[in-house]
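Please look through the sequence and the model shown below before reading on. The paragraphs that follow begin with a single residue and widen from there to the sheet, a helix and the whole chain.

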Amino acid sequence: MSYADTLERRSATLWQRILGTPGTSVSGVSSLSEAGPTDLTFVAADRFVKSALTSRAAAFVVGRPIEELTRPQIVVPNPALAFASIVQRFFVTPYQPREE
């Protein structure tokens, strides 16, 4: 199963807006400090903006537009909740009960 997808498709389920390039490809999720160039991460509060600016992430889930951040942003009311929803929907294998 491939997890690579575009921000446009990832954010469609959140009904929120994208700042930047909606066609940006993301194939993983990570923390701000561990994110690589194809990862999506989130900025939970303003105190993490400085870390976001030095992060290598491809894109960010944010609570408000961050002007200093030049990479794509998915703007949502609750970044932590939206990020958890994206992780669960796109990056976790659905539970399959064992057959007996």
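Serine 30 is found in the loop that lies between β4 (28–29) and β5 (39–42), where helices (H or I, at least four residues) and strands (E, at least two) are DSSP runs, numbered from the N terminus. With a relative accessible area of 18%, serine 30 is buried; buried means under 20% relative accessible area, exposed over 50%, and partly exposed in between, with a 1.4 Å probe and protein chains only. Leaving aside neighbours within four places in sequence, serine 30 is in contact with Ala35, Asp39, Leu40, Thr41 and Phe83, contact meaning heavy atoms within 4.5 Å.

This is a predicted model, in which local features need pLDDT of at least 70 and side-chain atom pairs count only at pLDDT 80 or more, while totals for chains, interfaces and linings use all residues. Residues are numbered from 1 along each chain as its sequence is written, and side-chain values use heavy atoms, with hydrogens and water left out.

Valine 29 has its place in strand β4 and, at 27% relative accessibility, counts as partly exposed. Not counting residues up to four places away in sequence, valine 29 touches Asp39, Leu40, Phe83, Val87 and Phe91. Valine 29 also stands opposite leucine 40 in β5, and 2 bridges join β4 to β5, which run parallel. The C-alpha atoms of valine 29 and phenylalanine 60 are separated by 9.9 Å, although these residues are 31 apart along the chain.

The sheet can now be followed strand by strand. Strands of a sheet pair through backbone hydrogen bonds, either parallel or antiparallel. Here 5 strands form an open sheet in the order β2-β7-β6-β5-β4, with mixed pairing; two strands pair if DSSP finds at least two bridges between them. Because β2 (17–19) and β4 stand at the edges, each with a single partner strand, one side of each is left without a neighbour in the sheet. At the β2 edge, 3 bridges join β2 to strand β7 (residues 73–75), and these two run antiparallel; isoleucine 18 stands opposite isoleucine 74 in β7. Elsewhere in the sheet, β5 and β6 run parallel and are joined by 3 bridges, with phenylalanine 60 in β6 as the bridge partner of threonine 41. Both faces of strand β6 (residues 59–62) are covered, since Ala59 and Val61 on one side and Phe60 and Val62 on the other are all buried.

Which residues of α3 are buried? They are Pro79, Ala82, Phe83, Ile86, Phe90 and Phe91. Seen down the axis of α3, these buried residues fall within an arc of 115°, so they line one face of the helix; the arc is that of the directions from the helix axis to the C-beta atoms. The face of α3 turned away from its buried side carries the exposed residues Leu81, Gln88 and Arg89. Helix α3 (residues 79–91) has 13 residues and reaches 17 Å from its first C-alpha to its last, close to the 18 Å expected at 1.5 Å a residue, the expected span being 1.5 Å times one less than the number of residues.

Serine 51 has its place in helix α2 and is partly exposed, with a relative accessible area of 37%. The C-alpha atoms of serine 51 and serine 33 are separated by 7.1 Å, with their positions 18 residues apart along the chain. 

Taken as a whole, the secondary structure of the protein comes to 3 helices and 7 strands, and from the N terminus on, the elements run β-α-β-β-β-β-α-β-β-α. Buried residues make up 38% of the 100 residues in the protein. Among contacts between residues at least 6 apart in sequence, 33% join residues at least 24 apart.

The protein averages a pLDDT of 85, and 84% of the residues score at least 70; pLDDT is the predictor's confidence in each residue, from 0 to 100. Confidence is lowest in helix α1 (residues 7–12), at a mean of 59, and highest in helix α2 (residues 49–54), at 97. Where pLDDT is low, the predicted coordinates should not be read in detail.
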